[in-house]
Amino acid sequence: MSQRNCPHVHDIREVTPSALGCEECLKIGSPWVHLRLCRTCGHVGCCDSSPNKHATKHFHATGHPIMEGYDPPEGWGWCYVDEAFVDLPDRTPQRGPIPRFV
Ligand SMILES: [Zn+2]
Ligand SMILES: [Zn+2]
Ligand SMILES: [Zn+2]
């Protein structure tokens with residue numbers, strides 16, 4: 001993964017995931033494709049290949065820039081502001097098995 005100049009890497013925090021899967025999709029019973037974890041507040045959302053794109057909606061609602069690829073954590077993140085991949089060596093441990101709707 002290439003790392004461009006992203007100033008937000010200095011704001012990446014250790015977070016506690018808010019849910020085992022996409023928080024909003026779990027509430028409405030919707031499926032998702034991949035999960036994204038907000039490294040500002042711990043919100044768990046779903047990726048842009050998912051029907052509801054909750055991680056992107058979370059960014060637009062909050063401005064939190066960095067989302068970690070999270071199913072399972074793969075050591076990379078995405079900055080929505082710079083549209084760049086960032087390295088996340090301190091990947092967030094998952095709290096439990098990810099619920100799936102297939
Ligand atoms: Zn950035
Ligand atoms: Zn979702
Ligand atoms: Zn957030």
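Is Cys25 buried or exposed? In this predicted model, Cys25 is buried, with a relative accessible area of 0%. Cys25 belongs to one of the zinc sites, and that site is described before the others.

The zinc ion (ligand 2) has four protein donors: Cys22 (SG), Cys25 (SG), Cys46 (SG) and His54 (ND1). Their distances from the metal run from 2.0 to 2.3 Å. The 4 donor atoms subtend angles of 101 to 118° at the zinc ion (ligand 2), so the arrangement is tetrahedral. For four tetrahedral donors the ideal angle is 109.5 degrees. Along the chain, the spacing of these donors is C-x2-C-x20-C-x7-H. Cys22 has 0% relative accessibility and therefore counts as buried, the cut-off being under 20%. Cys46 is also buried, with a relative accessible area of 0%. The residue is part of strand 2. Between Cys46 and Pro89 the C-alpha to C-alpha distance is 21 Å, at a sequence separation of 43 residues.

The zinc ion (ligand 3) is held by Cys38 (SG), Cys41 (SG), His58 (NE2) and His64 (ND1). These donors lie 2.0 to 2.3 Å from the metal. Angles of 104 to 112° among the 4 donor atoms make the arrangement around the zinc ion (ligand 3) tetrahedral. The sequence spacing of the donor residues is C-x2-C-x16-H-x5-H. Within this set, Cys41 and His58 link distant parts of the chain, 17 residues apart. Cys41 sits in the loop between strand 1 (35-38) and strand 2 (44-46), whereas His58 sits in helix 2 (residues 54-62). The two residues fall into separate accessibility classes. Cys41 is partly exposed, at 40% relative accessibility. His58 is buried, at 10%.

The zinc ion (ligand 1) is bound by Cys6 (SG), His8 (ND1), Cys79 (SG) and Asp82 (OD). Here the donors lie 1.9 to 2.3 Å from the ion. The angles between the 4 donor atoms span 101 to 119°, so the zinc ion (ligand 1) is in a tetrahedral arrangement. In sequence, the donors follow the pattern C-x1-H-x70-C-x2-D. Cys6 and Asp82 tie together distant parts of the chain, 76 residues apart. Cys6 belongs to the segment before helix 1 (23-28), and Asp82 to the loop between strand 4 (73-79) and strand 5 (84-87). Cys6 is buried, with a relative accessible area of 7%. Asp82 is partly exposed, with a relative accessible area of 25%.

The strands around these sites were examined next. Strand 1 and strand 2 run antiparallel and are joined by 3 bridges. Leu37 has Val44 in strand 2 as its bridge partner. The two strands form a hairpin with 5 residues between them. In its turn, Gly42 has a positive phi of about 90°. Strand 1 also pairs with strand 3 (residues 66-70), again antiparallel and through 3 bridges. In that pairing Cys38 stands opposite Met67. Both faces of strand 1 are covered. Leu35 and Leu37 are buried on one side, and Arg36 and Cys38 are buried on the other.

Strand 5 shows another pattern of burial. In a regular strand the side chains alternate between the two faces of the sheet. Ala84 and Val86 in strand 5 point to one face and are buried. Phe85 and Asp87 point to the other face and are not buried. Strand 5 pairs with strand 4 in the antiparallel sense over 4 bridges. One of the bridge partners is Val86, which pairs with Gly77. The hairpin of strand 4 and strand 5 has 4 residues between the strands. Glu83 in this hairpin takes a positive phi near 50°.

Internal space was searched as well. The whole structure has 1 cavity of 30 Å³ or more. The largest cavity holds about 30 Å³ of space. Its lining consists of Pro17, Ala19, Leu20, Tyr70, Gln94, Arg95, Gly96 and Ile98. By class, the lining of the largest cavity comprises 5 nonpolar, 2 polar and 1 charged residues.

Notes
Residues are numbered from 1 along each chain as its sequence is written. Chains are lettered from A and ligands numbered from 1 in the order in which they are written. This is a predicted model: local features need pLDDT of at least 70, side-chain atom pairs count only at pLDDT 80 or more; totals for chains, interfaces and linings use all residues. Side-chain values use heavy atoms; hydrogens and water are left out. Donors are N, O and S atoms within 2.8 Å of the metal (3.2 Å for Na, K and Ca); water is not among the atoms, so sites may look incomplete. Four donors count as tetrahedral if all angles lie between 85 and 135 degrees; four count as square planar and six as octahedral if opposite donors are over 155 degrees apart and all others between 65 and 115; anything else is irregular. Buried means under 20% relative accessible area, exposed over 50%, partly exposed in between (1.4 Å probe, protein chains only). Two strands pair if DSSP finds at least two bridges between them. On a 1 Å grid over the protein atoms alone, a cavity is a set of points where a 1.4 Å probe fits but cannot get out, and a pocket is an open set with protein on both sides within 12 Å along at least five of seven lines; lining residues have an atom within 4 Å of a point. Grid points are joined across faces, edges and corners, and a volume is the space filled by probe spheres set on the points. Ala, Val, Leu, Ile, Met, Phe, Trp, Tyr, Cys and Pro count as nonpolar, Asp, Glu, Lys and Arg as charged, and the others, Gly among them, as polar.
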